[in-house]
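I opened my notebook for a walk through this pair of chains. Come along, and I will jot down what I looked up.

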Amino acid sequence: MDENENKPKGAANINAGGKQQNTYDAIVVGSGISGGWAAKELCEKGLKTLVLERGRNVEHIKDYPTATKHIWEFPHRLSNTKQFVAENPVLSKCYAVDESTEHFFVKDAEHPYEQKRPFDWIRGYQVGGKSLTWARWTQRWSEVDFESNLKEGIAVDWPIRYKDLAPWYSYVERFAGISGNRDGLSQVPDGEFLKPMEMMKIEKHLKRKIEKQFPGRKLIMSRTANLSEPINGRGPCQYRNLCNRGCPFSGYFSSNAATLPAAKATGNLTLRPHSVVHSIIYDDQKQRAVGVRVIDALTNEATEYFSKVIFINGSTLNTTLIMLNSTSARFPNGLGNDSGELGHNLMDHNYNGSISGIFEGFEDKYYYGRRPTGTYLPRFRNFGNDKRTDYLRGFAYAVISDRQGWNRLINEVPLGAELKSQLTEPGVWSTTLVGMGECLPSHDNKVALSKTQKDQWGIPQLEIDASFGKNEHAMMKDILASGAEMLEAAGFKNIKPKDSGNAMGLGIHEMGTARMGRDSKTSVLNGNNQVWGAENVFVTDGAAMTSGACQNPSLTYMALTARAADFAVRELKKQNI
Amino acid sequence: MNRRDALARVALLMSGTIIGADLFLSSCSSPASKEQKAALLDPGKKAPSTPFLNASQIGFLDEVGETILPTTSTPGAKAAQVGSFMAVMVRDCYTPANQKIFLDGLTQLEQRSQKRYNQGFMALNAAQRTALLTALDAEQNALTAHQRPDAPSHYFRMMKQLTLLGYFTSEVGATKALRYQLVPGRYNGNIPYKKGDKTWATT
């Protein structure tokens, strides 16, 4: 073993059980969306696999304490208390955090970080990670998304193209279960879909108007990882729309419901919760990574685990933190960081723009059940013939419609029986377009290890230094104007565009900081998600992204992970790694 | 809640057309001052755990709520114990400034009653209560229409909002006045609606 200066405290006591006992074929760091997939694929291919999760165990169904609670069982009817807000100024900004879900999120005090520029870092430290609370929108990325960097001379070229990923999208969709319609749109290619959920009349109306008056724009059902049909013993979705609490019907894809049980069924899985990964062990003699250093979150005991292959799936920024903290003679600036790009090019999606309106009509229509997804207006800017001169790339809209409920304030209605009677009937239809803007990779948007602050396990805190730039701001203007224009054309009234002005982070789509590329001088990972110079280490979460597209990214992490796991096992068999 | 639903709701909230949990989230989210934060984070300075409102204040608010949403063919706000609900929400979610507005509002409402009817609110008959609160409602509407969104609310707006939230998310409100289903089991995006059909309690 190399004598590495970068060891956790207490490392003298490591491995009382002996090295052999702590040796596996593969180690996966993290159990969220991508870690779960790595675990499943590696286990199913016969590798004895250790999954290290820094948080507590969350067993599917058993550990969803709020899943079947009625709204009136929550003392604040889901509102966060002011004490919670005061203690969690970052977390309480997250749309998904309320009385019914807060146990699946990291409290601000539990893992501090430094903000050189404001960045809201939302985290879920538990088995399953944020796959329990994700939004489940799963559009494929497309050819244009993998080519734009090269064509525009932005950052570096992706080392892969859509065709490299297409079969893997299909592979993960077939297992995960994605509901959606085959719409034939090249900017969000069709996949292996379960039947689509139904559009409401208001949505069909909007679709017809937009598609007629704005050639090139389409309104489709969002492809969503909610099971419109049962698949692989899970689901179907019961249309409760309480997904973020965990689903007792296994109605949506999560690591807990899907990939981890599959991994466990092979008999090859060892899952170790409360395992904070300190760093990757790189052996300078063997010129390869040989294992990981782990600190037990409960006992603070340090242990080393060894394996032939390591997948880091710690969720973008924690993946990069681990790599930056993995120093050796060969990699003094962090694992795989010959390029100096490790920690750089942090991206998010810009969700700050929204446009709402109301529609008078269709009063004879309503819905039964709570559809856990909405409609989607795919990217149309800088696509086909629709060229912009004021910004690069594009955006999509999430388009959400419903009839106003009791929670509208009817000021003009007299108090008493009349108010009560009116509020017990639904109001007008309302629709909101939420812009989902691509964010360009910029070297200046970066993370680094704090030189002064450490976390409770003695690991340097992460210092985040990033903000939206000129291109994102120019795009925002168009997001607001185009959304208003479409609602107006479709006959909506009271149209209100709004820019929330949030800092980066609240898209909860951290991407980049260990990008894929074609050259070790300008990127951290190669086209198979191998770390340059430590080829038995793979990174397949959001850290790997070379650009951000405007589609929701998790499905792409799944596909990259399955592809990389397949490659890793073939290389192991050939003894190439 | 669906992510985009949540975003959509926040967007609607900004337009001032919607109230509900998000509104309270927003009042909860008002940036706390350093002193407030320090007080909250220092267990020694924590507010005493005694009830925020006493039984007679809660009874008073039950009657205010019942006037806003009375018993009709379905139970009213009092049956949903909105007084106790308001006490919890104001204690746990309101900023100290809003707590003061709300508490002072209890006194002011009582003074209005004395001034107009020469007796306290609890002694008024149903018609008098409705007339008094209707005047207050007009007052808060006028104030709200002319002030900045982040300006302090009228106390009666708080009481009205809390009554609506407390009632329609209560068991009696959700299941008797509205339609409620924890597990719908299927989805139909286009069912017929006729006047008089009830709203779904949850989204």
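**Entry 1: a cut-off, then two odd asparagines.** Before anything else I wrote down the burial rule: a residue is buried if 20 or more other C-beta atoms lie within 10 Å of its own, exposed if 12 or fewer, and partly exposed in between. I also noted that this is a predicted model. I started with Asn494(A), which has 14 other C-beta atoms within 10 Å and is therefore partly exposed. Asn494(A) sits in strand β18 of chain A, residues 493-499. Its phi caught my eye, being near 55°, a positive value in a residue other than glycine.

I then looked at Asn382(A), which also has a positive phi, about 50°, although it is not a glycine. I found Asn382(A) in the loop between β13 (375-377) and β14 (395-403) of chain A. With 19 other C-beta atoms within 10 Å, Asn382(A) counts as partly exposed.

**Entry 2: a cis peptide bond.** Which way does the peptide bond from Gly235(A) to Pro236(A) go, cis or trans? I read an omega near 5°, and the bond is cis. Pro236(A) belongs to the loop between β6 (220-221) and α6 (255-265) of chain A.

**Entry 3: helix α6(A).** Following that loop onward, I listed the buried residues of α6(A): Ser255(A), Asn256(A), Ala257(A), Ala258(A), Thr259(A), Leu260(A) and Ala263(A). I see them packing against α1 (33-44), β2 (49-52), α4 (162-176) and β7 (269-272) of chain A. Just after the helix, Gly267(A) takes a positive phi of about 80°.

**Entry 4: the sheet.** I traced an open sheet of 6 strands in chain A, in the order β6-β13-β14-β15-β11-β18, with antiparallel pairing. Its edge strands are β6 and β18, each pairing on one side only. I reminded myself that strands of a sheet pair through backbone hydrogen bonds, either parallel or antiparallel. Inside the sheet, β14(A) and β15(A) pair over 9 bridges in the antiparallel sense. One bridge I looked up there joins Arg403(A) to Trp429(A) of β15(A).

**Entry 5: Pro497(A).** Back on strand β18 of chain A, I stopped at Pro497(A). Is Pro497(A) buried or exposed? I counted 21 C-beta neighbours inside 10 Å, so Pro497(A) is buried. The C-alpha atoms of Pro497(A) and Ile355(A) are separated by 4.1 Å, although the two residues are 142 apart along the chain. Leaving out residues up to four places away in sequence, Pro497(A) touches Ile355(A), Leu480(A), Gly483(A) and Ala484(A).

**Entry 6: where the chains meet.** How many residues does each chain bring to the contact? I get 69 from chain A and 68 from chain B. On the side of chain A that touches chain B, at least two residues each come from α2 (82-87), β11 (353-359), β12 (365-368), β14, α8 (417-423), β15 (429-437) and β18. The most is given by α2(A), with 5 residues. By class, I sorted this side of chain A into 29 nonpolar, 23 polar and 17 charged residues.

I was pleased to find strand pairing across the chains: 3 bridges join β12(A) to β1 (residues 188-192) of chain B, and the two run antiparallel. Here Tyr366(A) has Ile191(B) as its bridge partner.

**Entry 7: the cores.** The largest nonpolar core has 155 residues, and I noted Ile27(A) and Val292(A) as those with the most contacts inside it. Helix α10 (residues 554-573) of chain A supplies the largest share of this core, 10 residues. Neighbours within four places aside, I find Ile27(A) in contact with Leu50(A), Leu52(A), Val292(A), Tyr305(A), Ser307(A) and Ile310(A). Apart from this core lies another, of 43 residues, including Phe52(B), Ile68(B), Leu69(B) and Met159(B).

**Entry 8: two helices of chain B.** Last, I checked how α4 (residues 55-68) and α8 (residues 155-168) of chain B pack: their angle is about 80° and their axes are 10 Å apart. Therefore α4(B) and α8(B) are roughly perpendicular to each other. The contact uses Val64(B), Gly65(B) and Ile68(B) of α4(B), together with Met159(B), Lys160(B), Thr163(B) and Tyr167(B) of α8(B). I class the residues of this contact as 4 nonpolar, 2 polar and 1 charged.

Key. Residues numbered from 1 in each chain as written. Chains lettered and ligands numbered in written order. Predicted model: local features only at pLDDT ≥ 70, side-chain atom pairs only at ≥ 80, totals over all residues. Helix = DSSP H or I, 4+ residues; strand = E, 2+ residues; numbered from the N terminus. Contact = placed C-beta atoms within 7 Å. Nonpolar A, V, L, I, M, F, W, Y, C, P; charged D, E, K, R; others polar. Pairing = 2+ DSSP bridges. Core = buried A, V, L, I, M, F, W, Y, C linked by C-beta atoms within 7 Å. Axes fitted to C-alpha atoms, helices over the stretch in contact; angles between N-to-C directions. Parallel < 35°, antiparallel > 145°, perpendicular 65-115°, else oblique.
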